[in-house]
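Me: I would like a close look at a single part of this model. Please take one helix and go through it step by step, then say what else stands out.

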Amino acid sequence: MNTQRWMSTHFFSFFLTWGIFLPYWSGWMIQTKGITVSEASLIMSIGLVARGLSTLFAFPYLLERVSNKVLLNIAGMGTLAALLCYIPADSFTALLIVTVILHIFYPTLMPALDSVAGVLVQSKQLKHYGKSRQWGSIGFVSVGILLTVFTGMFGDDVIFWALLLGISCFVVLSLTNGPEILSKKPQVNQSLKINIFELFKTKHFLVVLIIVVLLQAAHAAYYNYGYIFLQEIHAPVYLIGVIINIAVIAEIIFFSMADKRFNRFSSGTLLALAAAGSSLRWILVFTFPNVVVFCIAQTLHAFSFAMGHYAFMKYLTTNIPHTHIPKAQGMYSAFALSWSTAVFTIFGGFLYEIEPRYAFIGMLACSLPAMFISLGYMKLEVEKDVLVTAEARK
């Protein structure tokens, strides 16, 4: 299996399972384990905290000591073991403990795969990151369609078994041969080893991190209240799943063309475009609360999420040594994909109770600052290019 296909297969298999876990797991616990909505929310919130701690500290710590491939195996098998523990877990306490364990291992696979992709890009073994990443989005969409059919036929119990089967397949896949560079243990000179805070010494890393944290936090209302908002605006029940997946289809289209169409754009330009698309998305949902406009706004997920993620990966592979990428990925996963989303979920929930549309327009508190900071970062990039050109002419 060539490197491009190997990376595409791993993205596909992981996001196939993520497409089960992210939208359905809370509902599965409520429907099959008999807990309340508030109990499920508390369990998942605590799990989100554990996810942030794991990706920020445990993930980069392990990658300093084991190879990328070993880390994938550890995270995959830990996830599988945690899922099996759900079978006997029936009380709130048991479900909480198992969910925390699951969040220590399972979400780590996401930055681990992106870290693997970063190493392969820098070693010239992976030519098209976007081409491989789009298969993750395809996996996410396809499982949503299939699961809708099977839950209708067999009930919510199928959610657990589908996730268990998906993770089992991922573990088997990860145990097969992969690119040789991923099996090499990291050669970290202890005298040169950096701690996580020294990443901030990398030029503009803090600026880029702040931008992507704001961009990802702006999705909090959509991730948590998009489904019930569609009910609020009287979307047909049988179409809600399709409408939600418009966003993921937009991701697929973006990643399919990203390397060809957007590779020449600077990280700052891409981040500014992502922030502008994000702002427009929430303005449309707020201003025109109807199904048609919501569907149109869903296409802007290609900007608000996919382009922002692609820009961050572009910045990492261009500016961060591959030995430091795991730390950067851990910070991105913890601050952007976990903790900031948790904070703005609470903020969005407060606004939603006042008026559902307010939750979405409230996300401008993230996207607008992200856009202004991105424009400032673009200016810094232009000044840098001018200096490099001037030096080259001397």
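Reply: What follows starts with one helix and then turns to a surface patch and the cysteines. Keep in mind that the model is predicted.

Start with helix H5. H5 runs over residues 109–122 and has 14 residues. From its first C-alpha to its last it reaches 20 Å. That is close to the 20 Å expected at 1.5 Å a residue.

Is H5 covered or open? H5 is mostly covered, with twelve of its 14 residues buried. The buried residues include Leu-109, Met-110, Pro-111, Ala-112 and Leu-113. Asp-114 and Ser-115 are also among them, and so is Gly-118. Just after H5 comes Lys-124, with a positive phi of about 65°.

Now move to helix H6, residues 129–154. Val-149 lies in H6. Its relative accessibility is 45%, so Val-149 counts as partly exposed. Val-149 also helps to make a nonpolar surface patch of about 520 Å². Its partners in the patch are Leu-146, Phe-150, Met-153 and Phe-154.

Last, the cysteines. How many disulfides are there? The count comes to zero, because a disulfide needs two cysteine sulfur atoms within 2.5 Å. For Cys-85, the nearest cysteine sulfur is that of Cys-169, 20 Å away. Seen from Cys-169, the nearest cysteine sulfur is that of Cys-85. Cys-85 has a relative accessible area of 40%, so it is partly exposed. Cys-169 counts as partly exposed too, because its relative accessibility is 46%.

Notes: Residues are numbered from 1 along each chain as its sequence is written. This is a predicted model: local features need pLDDT of at least 70, side-chain atom pairs count only at pLDDT 80 or more; totals for chains, interfaces and linings use all residues. Side-chain values use heavy atoms; hydrogens and water are left out. Patches are made of residues with over 30% relative accessible area and no salt bridge: like charges are joined within 9 Å, nonpolar side chains (Val, Leu, Ile, Met, Phe, Trp, Tyr) within 5 Å. Accessible areas come from the Shrake-Rupley method with a 1.4 Å probe; for residues, only the protein chains shown count as cover. A salt bridge is a side-chain nitrogen of Lys or Arg within 4 Å of a carboxyl oxygen of Asp or Glu. Helices (H or I, at least four residues) and strands (E, at least two) are DSSP runs, numbered from the N terminus. Buried means under 20% relative accessible area, exposed over 50%, partly exposed in between (1.4 Å probe, protein chains only). The expected span of a helix is 1.5 Å times one less than its number of residues.
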